[in-house]
Amino acid sequence: MFLRVRDCVRNRLSLAGAVRMEEAISNAGGGDSWTMLACVDRLVELGEIREIPQSDVADQHRIFVAV
């Protein structure tokens, strides 16, 4: 699942330069949404992507860009 999420995020970033959490996990194939959220958070921890700081935003609306 982690690799599917990572590949989906990379694909979206190459197309648009940014990706919302909603698109990152909805196009990554099936799976538990909480686990997929954790996969995106792990990409941030690994330094592969970074989150654009926003205040008071729902998890699915968080925005990420390449490092």
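In which helix is the place of Glu-45? In this predicted model, Glu-45 has its place in helix 3, and with a relative accessible area of 58% this residue is exposed. The side chain of Glu-45 also takes part in a polar contact of 3.1 Å with the side chain of Arg-42.

The packing of helix 3 may be considered next. Helix 3, which covers residues 33–45, packs with helix 1, which covers residues 2–16, at an angle of about 65°, and the two axes are 9 Å apart. The contact is formed by Phe-2, Val-5, Arg-6 and Val-9 on the side of helix 1, and by Met-36, Cys-39, Val-40, Arg-42 and Leu-43 on the side of helix 3. When these residues are sorted by class, seven are nonpolar, two are charged and none is polar. The crossing in which helix 1 passes helix 3 is right-handed. Arg-42 therefore appears in two settings, since this residue belongs to the contact with helix 1 and its side chain also makes the polar contact with that of Glu-45, a residue that counts as exposed because its relative accessible area of 58% is over 50%.

The cysteines were examined for bonding. A search of the whole structure finds zero disulfides. Why does Cys-8 form no such bond? The closest cysteine sulfur to that of Cys-8 belongs to Cys-39 and is 11 Å away, which is too far for a bond, because a disulfide requires two cysteine sulfur atoms within 2.5 Å. Cys-39 is likewise in no disulfide, the sulfur of Cys-8 being the nearest cysteine sulfur to its own. Both residues are buried, Cys-8 with a relative accessible area of 9% and Cys-39 with a relative accessibility of 8%. Cys-39 is also among the residues of helix 3 that make the contact with helix 1.

Attention may now turn to Met-21, which lies in helix 2, a helix made of residues 21–26. Is Met-21 buried or exposed? Met-21 counts as buried, because its relative accessibility is 0%, and the limit for a buried residue is under 20%. When residues up to four places away in sequence are not counted, Met-21 touches Leu-37, Val-40, Asp-41, Asp-59, Gln-60, Arg-62 and Phe-64. One of these, Val-40, also takes part in the contact between helix 3 and helix 1. The C-alpha atom of Met-21 is 8.9 Å from that of Val-9, although the two residues are twelve residues apart in sequence.

Arg-62, one of the residues touched by Met-21, is found in the loop between strand 2 (49–51) and strand 3 (63–66). Although its side chain is charged by class, Arg-62 counts as buried, at 10% relative accessibility. Which side chains are joined to that of Arg-62 by polar contacts? One such contact, of 2.6 Å, joins the side chains of Arg-62 and Asp-41, and another, of 2.8 Å, joins those of Arg-62 and Glu-51. With its neighbours within four places in sequence left aside, Arg-62 is in contact with Val-19, Arg-20, Met-21, Asp-41, Glu-51, Gln-54 and Val-57. Asp-41 is thus in contact with Arg-62 and is also touched by Met-21.

The loop between strand 2 and strand 3 also holds Asp-56. Asp-56 is exposed, with a relative accessible area of 86%, whereas Arg-62 is buried. The phi angle of Asp-56 is near 50°, which is a positive value in a residue other than glycine.

Two residues in strands complete the description. Ala-18 has its place in strand 1, residues 18–20, and is partly exposed, with a relative accessible area of 33%. Beyond its neighbours within four places in sequence, Ala-18 is in contact with Arg-12, Leu-13, Ile-63, Phe-64 and Val-65. The C-alpha atoms of Ala-18 and Gly-30 are separated by 22 Å, the two residues being twelve residues apart along the chain.

Arg-50 has its place in strand 2 and is also partly exposed, with a relative accessible area of 43%. With neighbours within four places in sequence again left aside, the contacts of Arg-50 are with Ile-63, Phe-64, Val-65, Ala-66 and Val-67. Ile-63, Phe-64 and Val-65 are therefore in contact with both Ala-18 and Arg-50, where contact means heavy atoms within 4.5 Å. The C-alpha atoms of Arg-50 and Met-21, which are 29 residues apart along the chain, are separated by 12 Å.

Definitions and conventions:
Residues numbered from 1 in each chain as written. Predicted model: local features only at pLDDT ≥ 70, side-chain atom pairs only at ≥ 80, totals over all residues. Heavy atoms only, no water. Axes fitted to C-alpha atoms, helices over the stretch in contact; angles between N-to-C directions. Helix = DSSP H or I, 4+ residues; strand = E, 2+ residues; numbered from the N terminus. Left-handed = near helix turned anticlockwise from the far one by under 90°. Buried < 20%, exposed > 50% of the residue type's maximum accessible area, 1.4 Å probe, protein only. Polar contact = N/O pair within 3.5 Å; in protein donor to acceptor, adjacent residues only side chain to side chain.
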